[in-house]
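This report looks at charged contacts and surface character in one protein model, and it is best read with the coordinates open alongside.

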Amino acid sequence: LITTFTTLLTSKRSEVMASKKRYEVGLQKLAFTEQQVVIMQDELTALKPNLIRTVAETERLMATVQKEKTEVVEPKKAIVDKDVKKAEEAANAANAIKTECEDALAEALPILESAISALDTIKPADIKLVQTFKSPPDAIN
């Protein structure tokens with residue numbers, strides 16, 4: 001009976017010691033974590049003025065950018081839009097002139113071809129005949 005009691009006592013002591021050791025390790029980790037949290041809080045406290053300054057600078061910069069956008073970019077954009085519209089109108093006018101010229105050229109080329117072929121039919125004798133006239137015939141006047 002005493003042996004059983006001793007065995008049971010030893011087993012319970014080892015369980016309690018294991019639990020005690022586990023709690024001690026947990027306490028050590030909690031203490032370490034607490035130290036780290038304090039360090040991080042100190043760092044955050046030290047960085048807070050820098051953060052506030054940076055936020056203020058960012059807000060000023062955003063205000064400046066917005067002001068420049070309103071005062072500079074938008075008027076220039078309006079001017080560029082007007083210039084683009086004028087350029088498109090000029091391009092449309094140029095295309096209209098180009099189309100008109102191409103149409104006139106299409107009409108003139110066949111006439112030129114027929115005139116060249118008519119010139120090819122003239123013989124030197126015909127030229128000599130025309131040179132003999134003192135004045136053009138009445139049909140030409």
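By the rule applied here, to what does the count of salt bridges come? In this predicted model, the count comes to 4 salt bridges. Side chains of opposite charge can pair when their charged atoms come close. The table sets out three of these pairs, with the N to O distance and the spacing along the chain.

| Salt bridge | N to O distance | Spacing in helix 1 |
|---|---|---|
| Glu15 and Lys12 | 3.9 Å | 3 residues |
| Glu57 and Arg53 | 3.8 Å | 4 residues |
| Lys77 and Asp81 | 3.6 Å | 4 residues |

Glu15 and Lys12 are set about one turn of the helix apart, and the same wording, about one turn, applies to Glu57 and Arg53 and to Lys77 and Asp81. As for accessibility, Glu15 is partly exposed at 45% relative accessible area, and its partner Lys12 is partly exposed at 43%. Glu57 counts as partly exposed because its relative accessibility is 38%, while Arg53, at 48%, is likewise partly exposed. In the remaining tabulated pair, Lys77 reaches 51% relative accessibility and therefore counts as exposed, the cut-off being over 50%, whereas Asp81 is partly exposed with 42%.

Turning to aromatic residues, the structure holds 0 aromatic pairs, but Arg22 lies over the face of Tyr23, at 5.7 Å from the ring centre.

The surface also carries a nonpolar patch of about 340 Å², made by Leu105, Leu109, Leu112 and Ile116. Of these residues, Leu105 has its place in helix 1, which spans residues 2–121, and Leu105 counts as partly exposed because its relative accessibility is 48%.

Methods
Residues numbered from 1 in each chain as written. Predicted model: local features only at pLDDT ≥ 70, side-chain atom pairs only at ≥ 80, totals over all residues. Heavy atoms only, no water. Patch = residues over 30% accessible without salt bridge, like charges linked within 9 Å, V, L, I, M, F, W, Y side chains within 5 Å. Areas by Shrake-Rupley, 256 points an atom, 1.4 Å probe, with all protein chains shown as cover. Salt bridge = Lys/Arg side-chain N within 4 Å of Asp/Glu carboxyl O. Helix = DSSP H or I, 4+ residues; strand = E, 2+ residues; numbered from the N terminus. Buried < 20%, exposed > 50% of the residue type's maximum accessible area, 1.4 Å probe, protein only. Phe/Tyr/Trp six-rings, centres within 6.5 Å; stacked < 30°, edge-to-face > 60°. Lys NZ or Arg CZ within 6 Å of the ring centre and 35° of its normal.
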